Amino acid sequence: MEIILEIIMIPAVLATIKILVIILMFAMPLGTVLTLMERKWSAMIQDRVGPNRANIGKFTGHGALHLAADGLKSIFKEDTMPKGADGFLYLIAPFFGLIAGVATFAIIPLAGPIGDFTFQVTDIEPGLLFIFAITSLSVYGAVLAGSSSNSKFALLGGTRAAAQMISYEVFMGLALMGIFMVYGTTRVSGIVDGQNEYWFGNLIPMWGVFTQPLGFLLFFTALVAETKRAPFDAPEGESEIVAGYFLEYSGMRWSAFMLAEYVALVGVASLITTLFFGGYHIPWLHLWESAPQWLVTIMQVIKFSIFTLFFCWFQIQLRWTVPKFRFDQTMSLGWKKLLPLSLVNVIVTAFVILAFA
Amino acid sequence: MTDMSALQSRIEGDSSGEDFSASIMSIEIGPAHPAMHGIVRFTTHLDGELIVGMDPEIGYLHRGFEKESENSKWIQVIPYTDRLNYVSPLLNNIGYSMAVEKLYGIEAPRRAEFTRVIMGEISRITDHLTCLGAVAMEIGAFTFFLWFIKAREYLWELVEEMTGARLTTNWTRFGGNASDLPDGFLNDLADRLVKLKEIMRECDKLLTRNKIFIDRVKDVGSFSKEDALSFGFTGPLLRASGIPYDVRRADPYSVYDELDFEIPVGSVGDCFDRFLVRMEEIRQSILIIEQAADKMPEGPYMTDERMMHYPDKKDVYGNIEGLIDHFKLVMEGHQPPAGEVYMPIEGGNGEMGFYLVSDGSGDPVRVRMRPPCFNLVAAMPAMTIGHYVADIVPIFGSVNMIGGELDR
């Protein structure tokens, strides 16, 4: 028993276990369930019933079996490759997005630390800079898929994706600059703990959304555009360029794109929760001094999950409510409106900090 | 502008002939493409994302309606007209029947005309709802498509109640209709109109004033009055360009001159104007339906002229004229007097005219239909060149091409 405990406490082993738990128990299942959630919720918005036909005998699970049916279908579907495609790049492209989406969870804490044990895969010093690096990587997925498919529609989608993601990268960083300045760190645990402070005694928690309201809107917009979700889904443009960069894919590789989209959706929601809504901290909980540690941890995980789910829901709601931008409108919105706004945000934040510090 | 060598290499399956580095890229939009909701092909030439050339190619849905009609009896053409504009089949029925009535020089009874007005306007609303829903869906607002389709469903249930079918209506006859108003139809109609208005209000709130939606359709595909006239536009697109031409007012047929309604007119003829014109026309059609329902006269729904419809059974078995009429109608069909007519009515997309030639026998010599969207599709290159590839979607959506009436 003690040997097992000792092996587990080796940092490398511990990190691996955390990765497996967070990714296999949190990110992937949530991403999968979100596909069903999105179908059901959009059905509600549109006065439809939604998926309800996949069944085992009389059991349908209100559409839950469609998840299994979809998975099975993807696995057994032929993995096609168009003639003239660049074989190797075509085959690996789907997994860039998925890897990048999953890697986001490496630095997100699900609950507060208990002693030395943290509910976070790694708390590296660069922190959020790591996120920027990783999300840039997901550009390659779209670009490689678009250019290696030997299809003009896919090529158009790939170029759109490249232009859009690189542009939005720029002010995604700038939008977060305010957060770095307010909390004085890029380390995620530092930012989360910084949000556990209060203004006016114990009145208002110093959540990122209160210290950086404009930064929140900008960062959220940038993240949605970065993950190519509606209303910024011009790279997929299902009505004019059919499906954009992943037009030619089928089977499991197509599913990898889809799964990457939903994992990224969860990633966006959890990042927003971590950076702007106090992360796992429950406001005013410190007033209850005799709270048992295990209860606090459970409550923190629940609070984090609720906020994450809320922002997942919000993105779904967004997708089914508004039309989508045309590609050049996405670009002009980014460069002409949001970039100057985020610069203004940085300057105003700097002056406010100078004035009050 | 078809590049034969590229075509050849594609046929032979050699992809090396496709040169992505060329500054002009040709891309086949259609015939199987999500935005081409009839079947049509646009060979589009792109400079980056900018459209520099476009060749429309139509005819994928040609079924030989006109030739088939020549080999049928006059009355047998009516079911074929269902399949012309298949989102407003009743308007086709009405147009054809009125053309034959013009050939005969007769008119349907007033009750039949008022019923036709109601059913025709219902069809116009379903046509516009389908078009607007498709435009909204293709620029990403999928929800509105399903809301509009829900509204259309309410109306199609009325059509089913009246004709027994949703699409293959086959409802009008020469000199009247196949059926009278069913019991309780006007009450159902009033109910459905209330629901329709509710949906229209919801969509107005969420879509018409939506900034993203306006950005997508404003100043896209603008078409001036002069251009619209020179291309022979009719219907909502001509009115969106600023010309208040509507066959219902310009050349009143049926009982439209007794009804009070307005003709909405746009200013610059862009996709937003077309959207607004169609939305307003739906509201005007609701007004027309309400007035027609109020004024609905009592009386027969079929003319009592001889040789226009089968005589009653008691006449067939009871007197010689009835028997002869029945025999002649079954064996020879309707025999309109020799001559030719052109009868335009306002279809969902514009002026839908039937040109008929008769030699006095039971078979039509010529049945020609003027499809309103033919001219509109012909103007697609003029409307799209200079716009982005994503703009094809709202422009083509607002053209509302219906393969059935375009290719016939």
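# Helices and sheets in a two-chain model

Helices α9(A) and α10(A) pass each other in a right-handed crossing. Keep in mind as you look around that this is a predicted model. Its scores are ipTM 0.77 and pTM 0.83. The tour below goes through helix pairs in chain A, then sheets in chain B, then the place where the chains touch.

**Helix α9 of chain A and its partner α10**

- Helix α10 covers residues 251–276 of chain A, and its axis comes within 11 Å of the axis of α9(A), with a crossing angle of roughly 160 degrees.
- That angle makes the two helices roughly antiparallel, because angles over 145 degrees count that way.
- Which residues make this contact? From α9(A) come A:F216, A:F220, A:L223 and A:V224, and from α10(A) come A:V268, A:L271, A:I272 and A:F276.
- Sort those residues by class and you get eight nonpolar, no polar and no charged.

**Helix α9 of chain A and its partner α12**

- α9(A), residues 213–226, also meets α12(A): their axes come within 10 Å and cross at roughly 150 degrees.
- So α9(A) is roughly antiparallel to α12(A) too.
- Is this crossing left-handed or right-handed? α9(A) passes α12(A) in a left-handed crossing.
- On the α9(A) side, look for A:L214, A:G215, A:L218, A:T221 and A:A225. They meet A:T330, A:G334, A:L338, A:L341, A:S342 and A:N345 of α12(A).
- The mix here is five nonpolar, six polar and no charged residues.

**Helices α1 and α2 of chain A**

- Near the start of chain A's numbering, α1 (residues 2–9) and α2 (residues 11–45) have axes that come within 5 Å and cross at roughly 80 degrees.
- That makes α1(A) roughly perpendicular to α2(A), because angles from 65 to 115 degrees fall in that group.
- A:I7, A:I8 and A:M9 of α1(A) make the contact with A:V13, A:L14 and A:I17 of α2(A).
- How do these residues divide by class? There are six nonpolar, no polar and no charged residues in the contact of α1(A) with α2(A).

**The β1-β2-β3 sheet of chain B**

- This open sheet has three strands in the order β1-β2-β3, with antiparallel pairing.
- β1 (25–29) and β3 of chain B are the edge strands, each pairing on one side only.
- From one strand to the next, the twist averages 20 degrees.
- How many bridges join β2(B), residues 41–47, to β3(B), residues 50–57? Seven bridges do the job, and the two strands run antiparallel.
- Among the bridge partners, B:T43 goes with B:D55, and B:T44 goes with B:M54.
- The hairpin of β2(B) and β3(B) has two residues between the strands, and B:G48 takes a positive phi near 70 degrees there.

**The β6-β7-β8 sheet of chain B**

- This one is an open sheet of three strands as well, in the order β6-β7-β8, paired antiparallel.
- β6 (339–346) and β8 (366–370) of chain B sit at the edges with a single partner strand each, so one side of each has no neighbour in the sheet.
- The twist in this sheet averages 10 degrees from strand to strand.
- Eight bridges connect β6(B) with the antiparallel strand β7(B), residues 351–358.
- One of the pairs to find is B:Y342 with its bridge partner in β7(B), B:Y355.
- Helix α4 of chain B (residues 89–104) packs on this sheet and touches β6 and β7, with its direction about 145 degrees from that of β6(B).

**Where the chains meet**

- 27 residues of chain A are in contact with 27 residues of chain B.
- In chain A, α6 (152–183), α11 (293–321) and α12 (327–356) each supply at least two residues of the side that touches chain B.
- Which helix gives the most to that side? It's α12(A), with three residues.
- The residues on this side of chain A split into eleven nonpolar, seven polar and nine charged.

**How confident is the prediction for chain B?**

- Chain B averages a pLDDT of 85, and 95% of its residues score at least 70.
- Residues 1–17 of chain B have a pLDDT below 50, and this stretch has 15 contacts in the model beyond near neighbours in sequence.
- Where pLDDT is low, the predicted coordinates shouldn't be read in detail.

Terms used:
Residues are numbered from 1 along each chain as its sequence is written. Chains are lettered from A and ligands numbered from 1 in the order in which they are written. This is a predicted model: local features need pLDDT of at least 70, side-chain atom pairs count only at pLDDT 80 or more; totals for chains, interfaces and linings use all residues. Two residues are in contact if their C-beta atoms, placed from the backbone, lie within 7 Å. Helices (H or I, at least four residues) and strands (E, at least two) are DSSP runs, numbered from the N terminus. Ala, Val, Leu, Ile, Met, Phe, Trp, Tyr, Cys and Pro count as nonpolar, Asp, Glu, Lys and Arg as charged, and the others, Gly among them, as polar. Axes are lines fitted to C-alpha atoms, for helices over the stretch in contact, and angles run from 0 to 180 degrees between N-to-C directions. Angles under 35 degrees count as roughly parallel, over 145 as roughly antiparallel, 65 to 115 as roughly perpendicular and the rest as oblique. A crossing is left-handed if the near helix is turned anticlockwise from the far one by less than a right angle, and right-handed if clockwise. Two strands pair if DSSP finds at least two bridges between them. pLDDT is the predictor's confidence in each residue, from 0 to 100.
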